[in-house]
Amino acid sequence: MASPRVLRRCLFAALSAALVASAAIGPARAASTSDAQADAVTFSDTFDGAAGSAVNSSRWTQETGDNVNNHEREYYTSGTNNASLDGQGHLVITAKKENPANYQCWYGTCQYTSARLNTSGKFSAQYGHVEARMKIPRGQGMWPAFWMLGTDIGSVGWPNSGEIDVMENVGFEPSTIHGTIHGPGYSGANGIGAGYTLANGAAFADAYHTFAVDWAPNSIKWSVDGVVYETRTPSDVGGNTWAFNKPFFLILNLAVGGDWPGDPNSATAFPAQLLVDSVSVTTSDTATGVAIKGLAGKCVDVNGANSANGTAVQLYDCNGSAAQQWTVGSDGTIRALGKCLDVNAGGTADGTKVQLYDCNGSAAQKWAVSSANDIVNPQANKCLDVTGNNSANGTPLQIWTCSGGANQKWTVG
């Protein structure tokens, strides 16, 4: 569904060209996707810190000001009034019905404050798995979003820069989120996208959900909790320029009001909060995830498509979901859902289970894929193994002394 909005990219006339251009010097993947030696790159923020403390300024910049382009009602502030950690591993972006500093907006004295954060000049990436685990607010006029802009916005402007909306929600649709692309000839109300709706009338505000894109040359796939619901390629943009084969930076914000969601009403509760549990980006030599197939033609799978640390990795029927899309990096990691294939507690004994875990560079997360179709953890000198040679769905994977058995043979891609 195309959002009936115009330009959400800037709070002022434009981000400064110097700021945006500097994004290229952040820890981004090399621009050439043909460079087979490019290291895997991971951006990860799990928002650990004391309650009330500010977001990590080495990762995020807080934008300030209002946004006339979409006729939003909030004034974005810096500091911790509208964006802070809760001490329990979450970033809390809070929209408040207040104006403590007599802020002025496009429509007069501002009625609301909120926060908008970006990684311009600090992190950008070209391709990979981009995800955020969040719990969104409810209420008419609420407009939470997790999105990306091309780092060349300062030189080419919007929409030529491209915009990838990983997740947007408007409060009058509590059960539906949207994923959209904007570019030259298909921007604003003509953006190209689709919605994803929870079953049985469930609301996204009731629980945390993981919103992601898997982004590759000439392809973007959107997913919610590992379920892919939309794919876009150059064939979808009607002969216009595909604006997404270049670096982008990240943005998180909670808008109040605007042309698409409409203004809050008397039933809208304030303060309203967007809770962000984690944000991660994984890029690697494999620009898009691939299946790893083993015993009985089944796939290496993250149980329940759950990106939480410690989630079991198992054998399961191949289904093309994000839980089965793995990237193999030149740094020795194997990644899915923004995290790494990990040997539990760094164990080396036969039968030690493998799991999904935050990428940390440890030996427990190093793997070597051999020409003999073995996947070996060098620290243990043992092979990725299907427990008990059992091909049933849900059989956990482990490390075991390499034997050459069918339950230790894997095809990547």
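1. Let's start with F43 and W60: are they buried or exposed? Both are buried. Keep in mind that this is a predicted model, so everything here is computed from it. A search of the whole structure turns up 14 aromatic pairs, and F43 with W60 is a handy one to look at. Their ring centres sit 5.7 Å apart with the planes at 85°, so this pair is edge-to-face. The cut-off behind that label is an angle over 60 degrees. The pair also links distant parts of the chain: F43 belongs to strand β1 (residues 41–45), W60 to the loop between β1 and β2 (61–62), and the two are 17 residues apart.

2. Now have a look at Y196 and Y229. Y196 is buried, and Y229 is too. How are their rings arranged, as an aromatic pair? They are tilted, with 5.4 Å from centre to centre and 50° between the planes. Y196 is found in strand β14 (residues 192–197) and Y229 in strand β17 (residues 227–232), so the pair ties together parts 33 residues apart in sequence.

3. Aromatic rings can gather in groups as well. Y127, Y186, W215, W242, F244 and F248 make up one aromatic cluster. Over at Y107, the partner is a charge: R73 lies over the face of that ring, 4.5 Å from its centre.

4. Try tracing one of the sheets. Four strands form an open sheet, in the order β23-β24-β25-β26, with antiparallel pairing. Why does one side of β23 and of β26 have no neighbour in the sheet? β23 (327–328) and β26 (354–357) stand at the edges with a single partner strand each, so one side of each is left free of a neighbour there. Strands of a sheet pair through backbone hydrogen bonds, either parallel or antiparallel. Strand β25 (residues 339–343) is joined to β26 by four bridges, and the two run antiparallel. Across from Q355 in β26 you'll find D342.

5. Zooming out, the protein has two helices and 31 strands. Of its 413 residues, 55% count as buried. Among contacts between residues at least 6 apart in sequence, 69% join residues at least 24 apart. The accessible surface comes to about 14600 Å², and 49% of that belongs to carbon and sulfur atoms.

6. One last point, on confidence. The average pLDDT is 88, and 89% of the residues score at least 70. Which stretch stays under 50? That is residues 1–39, for which the model has 112 contacts beyond four places in sequence.

Notes
Residues are numbered from 1 along each chain as its sequence is written. This is a predicted model: local features need pLDDT of at least 70, side-chain atom pairs count only at pLDDT 80 or more; totals for chains, interfaces and linings use all residues. Side-chain values use heavy atoms; hydrogens and water are left out. Rings of Phe, Tyr and Trp (its six-membered ring) pair if their centres lie within 6.5 Å; planes under 30 degrees apart count as stacked, over 60 as edge-to-face and the rest as tilted. Buried means under 20% relative accessible area, exposed over 50%, partly exposed in between (1.4 Å probe, protein chains only). A charge sits over a ring if NZ of Lys or CZ of Arg is within 6 Å of the ring centre and within 35 degrees of the ring normal. Contact means heavy atoms within 4.5 Å. Accessible areas come from the Shrake-Rupley method with a 1.4 Å probe; for residues, only the protein chains shown count as cover. pLDDT is the predictor's confidence in each residue, from 0 to 100. Two strands pair if DSSP finds at least two bridges between them.
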